[in-house]
Amino acid sequence: MVFRGGPRGMELMAMDVAARTFSFRHVGEPDSRALVSEAGEVPEADAERSDVEWTPQPGSPAWAHLAYLLQELPFVLSFREYGPEGGPSLVGVESPGRQYADVLVEHGGKQWRVRVKLEGREEPLQLPGMAIGELFGEGGHRDAGREGVVDAGI
């Protein structure tokens, strides 16, 4: 839905993993920039897109980075036993606008927000699910966090 809705002005506001719910907002003007990917043209059909490495490049619209982030977040679960502290549990995602999305995770009995820049990226998102899992498993979230918000630099 994020991939297909973004070019049409439907943007994800929130996703709740446990409830399996999504909330969208309709924006007046869709982002007119094209998705730029190393793979070239990216198929709109989910099944076809799953066979393509379509990482959005900097300059792509925020919805494309968010769609890719959501595709990669299940990898957080692969890191539950990683490192001395173990990885986090994925709770959801909140995206109040095009600037960033907060990946909501639970770790050590506390909920954390991992802030991921969407708009104005200088580098492509690289394995964000793995990066979040490793960050928490190795304890780096405390150094990068302030008031429950972690700026992971991803």
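This passage describes salt bridges, a covered helix, one buried loop residue, and the pockets and cavity of a predicted model.

A search of the whole structure returns eleven salt bridges. One of them joins the side chains of R4 and D46, with a nitrogen-to-oxygen distance of 2.6 Å. Because R4 belongs to helix α1 (residues 2-5) and D46 to helix α2, this pair ties together parts of the chain that are 42 residues apart in sequence. Both partners fall into the partly exposed class, R4 with a relative accessible area of 32% and D46 with a relative accessible area of 39%.

A further salt bridge is formed by D31 and R33, whose closest N and O atoms are 2.6 Å apart. Here the two partners are classed differently, since D31, with a relative accessible area of 13%, lies under the 20% limit and is buried, whereas R33, at 30% relative accessibility, counts as partly exposed.

The side chains of R115 and D102 also meet in a salt bridge, at 2.7 Å from N to O. R115 lies in strand β5 and D102 in strand β4, so that this pair ties together parts 13 residues apart in sequence. D102 is buried, at 3% relative accessibility, while R115 is partly exposed, with a relative accessible area of 27%. These two residues do not stand alone, for E94, D102, R113 and R115 are linked in a network of salt bridges.

Strands β4 and β5 appear again in the surroundings of helix α4. This helix, which spans residues 128-137, is mostly covered, seven of its ten residues being buried. The buried residues are P128, G129, I132, G133, L135, F136 and G137. They pack against α3, against strands β4 (100-107) and β5 (110-117), and against α5 (140-144) and β7 (149-151). The helix is followed by G139, a residue whose phi is positive, near 85 degrees.

Attention turns next to a residue in a loop. Q57 is found in the loop that runs between α2 (46-49) and α3 (62-72). Despite this loop position, Q57 is buried, because its relative accessible area of 15% is under the 20% limit. The side chain of Q57 reaches the backbone oxygen of T55 at 3.2 Å. When residues up to four places away in sequence are left out of the count, Q57 touches V36, S37, E38, H65 and P124.

The open spaces of the model were examined as well. The largest pocket has a volume of about 610 Å³, and its lining is made up of 26 residues, of which A67, Y68, L70, Q71 and E72 lie nearest its centre. The elements that contribute two or more residues to this lining are α1, β1 (10-16), β2 (21-26), α2 and α3. Among the contributions to the lining, the largest share, five residues, comes from α3. Divided by class, the lining of the largest pocket contains 16 nonpolar, three polar and seven charged residues.

The second largest pocket holds about 160 Å³ of space. Its lining consists of F3, R4, P7, R8, L35, E41, V42, P43, E44 and W63, so that R4, which also takes part in the salt bridge with D46, is one of the residues that border this pocket. By class, the lining of the second largest pocket divides into six nonpolar and four charged residues, with no polar residue present.

In addition to these pockets, the structure holds one cavity of 30 Å³ or more. The largest cavity has a volume of about 70 Å³ and is lined by V2, M10, E11, L12, R25, A62, W63, L66, S95, G97, R98 and L118. W63 is thus named both in this lining and in that of the second largest pocket. Strand β1 and helix α3 each supply at least two residues of the cavity lining. The lining residues of the largest cavity comprise seven nonpolar, two polar and three charged residues.

Technical notes
Residues are numbered from 1 along each chain as its sequence is written. This is a predicted model: local features need pLDDT of at least 70, side-chain atom pairs count only at pLDDT 80 or more; totals for chains, interfaces and linings use all residues. Side-chain values use heavy atoms; hydrogens and water are left out. Helices (H or I, at least four residues) and strands (E, at least two) are DSSP runs, numbered from the N terminus. Buried means under 20% relative accessible area, exposed over 50%, partly exposed in between (1.4 Å probe, protein chains only). A polar contact is a pair of N or O atoms within 3.5 Å; within protein, one must be able to donate a hydrogen and the other to accept it, and residues adjacent in sequence count only if both atoms are side-chain atoms. Contact means heavy atoms within 4.5 Å. A salt bridge is a side-chain nitrogen of Lys or Arg within 4 Å of a carboxyl oxygen of Asp or Glu. On a 1 Å grid over the protein atoms alone, a cavity is a set of points where a 1.4 Å probe fits but cannot get out, and a pocket is an open set with protein on both sides within 12 Å along at least five of seven lines; lining residues have an atom within 4 Å of a point. Grid points are joined across faces, edges and corners, and a volume is the space filled by probe spheres set on the points. Ala, Val, Leu, Ile, Met, Phe, Trp, Tyr, Cys and Pro count as nonpolar, Asp, Glu, Lys and Arg as charged, and the others, Gly among them, as polar.
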